[in-house]
Amino acid sequence: MNFDLYSEVKSWKRPIHASKAYLAKSYLRLLPKLDVIAITGSVGKTLTQNAIYAVLSQKFKCILPEENLDPTFRIPQTILKTKPWHQKLILEYGVEHPGEMDSYLQIAPPKIAVITAIASTHTKYFGTKQGVFEEKSKLVKALDKNGQAILNADDPYVVKMADLTKAKIWWYGKSAKNGIKISHYSQNLHGARFRLHYLGQKASVSWKIIGKHQLTSAYAAATVGIASGLTVKQIAKGLTQTKQPAHRLSPIVTKHANIIDDTYNSSPKASQESLATLVDLGRGKKKVAVFGEMKDLGDISKEEHRKLGLLVAKSKINYLITIGKTAQEIATAARNNGFSGKILQMANTKEAIGEAKKLIGKKSLVLVKGSRHAHLERIVNGLLHKSTTVNCYHCGVLK
């Protein structure tokens, strides 16, 4: 393997993880009828993984990994849990460093590759968006002529991947001419509803997911379903059963406030889309955006935080709270570009909890967004202590 998957693992554990990877690779060879479905992209991978699992489970015996475990460990672990009767193995190939994709492909070469979108993520290591594209495009290059590439027709970088693969291409998204279509979309804090259309077939979906941009995952999963021989009604039933990934644009409804928990991770594209969701769902409510740092952006960090601040300035939200030194760039850009709301710059999460508690109310909507290193889930937990939770859509009922 070109990239050392275990460079950050304690030295005494490295042989253990390397052995698991070798065993997983060897074991997979004993399962020739198992289709490996690999998902990569800069955003939406886990939701897409969950949606594909829910859709394909309508017809096949499927297995997918546990959430929030690094792919370094998750991929071998999931392979070793696979049974001979499983037909579809759905894996997320998340990469943060050059060469990482090669390591995953050596362990588990896929039959189907799904690409969500290419954006400026982990540019501290990839250098540019082009660097991100080059690493993630290795997935479609690895497909043979009997494979299938599920590509997002709405993303120009993903469109370029069509020239890099020998596999059959299935296009998805609004721009896909002959692909599955979605209409009649509506959303609230309880989820969304929409209708699927394909070759005269149609079916309605009750989607537990908020954020119109997250329809990318529905399009992708539905297209995998079509490519795998499912009917539109089967696909719709699967999408309705899709599990909401924890801490990823997860709505929490309480007696005294509404919170969007988006604290698992952050990037420029994801932050922009989360802000748009806050504005859309916050109509008629006091809208509060809490932003922490977007990590691992390298040389473009200041620029991307300022771009987010500019979007905040143009949005119709009431309060902006930033946490930490780097996120101050968001506040500065918002202020310099005429933001009409109030700006609060906090040094840490403890200070932010205190200020945010003063702002929440039954007619408020609070978005909490930042990279996992910022630990903004502490803010969500702090806000929940103010009131009794009626219904939390990512973790169930709390009292």
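Which residues does A331 touch, not counting residues up to four places away in sequence? In the predicted model examined here, A331 is in contact with L320, T322, I343 and Q345 once residues up to four places away in sequence are set aside. A331 itself belongs to helix 13, which spans residues 328-336, and its relative accessibility is 0%, so that A331 counts as buried, the limit for that class being under 20%. One of its partners, I343, is 12 residues away from A331 in sequence, and the C-alpha atoms of the two residues are 6.7 Å apart in space.

The surroundings of helix 13 can be described in the same manner. Its buried residues are E329, I330, A331, A333 and A334, and the elements that cover these buried residues include strand 12, helix 12, strand 13 (319-323) and strand 14 (342-346). Just after the end of helix 13, G338 adopts a positive phi of about 85°.

Helix 12, one of the elements that cover helix 13, comprises residues 301-314, and its axis comes within 7 Å of the axis of helix 13, the two crossing at roughly 45°. Because an angle of this kind falls outside the ranges for roughly parallel, roughly perpendicular and roughly antiparallel axes, helix 12 is classed as oblique to helix 13. The crossing of these two helices is right-handed. On the side of helix 12, the contact is formed by K302, H305, R306, L308, G309, L310, V312 and A313, which meet E329, I330, A333 and A334 of helix 13. Sorted by character, the residues of this contact comprise seven nonpolar, two polar and three charged.

Strand 12, which also takes part in covering helix 13, runs from residue 286 to residue 291 and contains V290. With a relative accessible area of 1%, V290 is buried. Leaving out residues up to four places away in sequence, V290 touches I321 and I323, together with V366, L367, V368, K369, L376 and I379. By comparison with a residue elsewhere in the chain, the C-alpha atom of V290 is separated by 27 Å from that of V95, and these two residues are 195 residues apart along the chain.

The loop between strand 12 and helix 12 holds D296, a residue that has a positive phi of about 60° although it is not a glycine. The relative accessibility of D296 is 16%, and D296 therefore counts as buried. A positive phi in a residue other than glycine is also found at H122, where the value is about 55°. H122 is placed in the loop between strand 4 (112-115) and helix 5 (123-126), and it is buried because its relative accessible area of 18% lies under 20%.

A further pair of packed helices is formed by helix 2 (residues 45-56) and helix 10 (residues 232-240), whose axes are 7 Å apart and meet at an angle of about 130°. Helix 2 and helix 10 are therefore oblique to each other, and helix 2 passes helix 10 in a right-handed crossing. Within this contact, A51, A54 and V55 of helix 2 meet I235, G238 and L239 of helix 10. The residues involved divide into five nonpolar and one polar, with no charged residue among them.

L239 of helix 10 also appears in the description of the nonpolar interior, where the largest nonpolar core has 40 residues and those with the most contacts inside it are I52, V114, F194, L196, W207 and L239. The element that gives the most to this core is helix 9 (residues 215-227), with nine residues. The position of F194 can be followed through its contacts: apart from its neighbours within four places in sequence, F194 is in contact with I182, S183, H184, Y185, A203, S204, V205, W207, L215, A218 and L239. A second and separate core has 35 residues, including L34, Y93, L105 and A149.

L105, one of the residues of this second core, is also one of the buried residues of helix 4, which are E100, M101, S103, Y104, L105 and I107. Helix 4, which covers residues 100-107, is mostly covered, with six of its eight residues buried.

Terms used: Residues are numbered from 1 along each chain as its sequence is written. This is a predicted model: local features need pLDDT of at least 70, side-chain atom pairs count only at pLDDT 80 or more; totals for chains, interfaces and linings use all residues. Side-chain values use heavy atoms; hydrogens and water are left out. Axes are lines fitted to C-alpha atoms, for helices over the stretch in contact, and angles run from 0 to 180 degrees between N-to-C directions. Helices (H or I, at least four residues) and strands (E, at least two) are DSSP runs, numbered from the N terminus. Angles under 35 degrees count as roughly parallel, over 145 as roughly antiparallel, 65 to 115 as roughly perpendicular and the rest as oblique. A crossing is left-handed if the near helix is turned anticlockwise from the far one by less than a right angle, and right-handed if clockwise. Contact means heavy atoms within 4.5 Å. Ala, Val, Leu, Ile, Met, Phe, Trp, Tyr, Cys and Pro count as nonpolar, Asp, Glu, Lys and Arg as charged, and the others, Gly among them, as polar. A nonpolar core is a set of buried Ala, Val, Leu, Ile, Met, Phe, Trp, Tyr and Cys residues joined through side-chain atoms within 4.5 Å. Buried means under 20% relative accessible area, exposed over 50%, partly exposed in between (1.4 Å probe, protein chains only).
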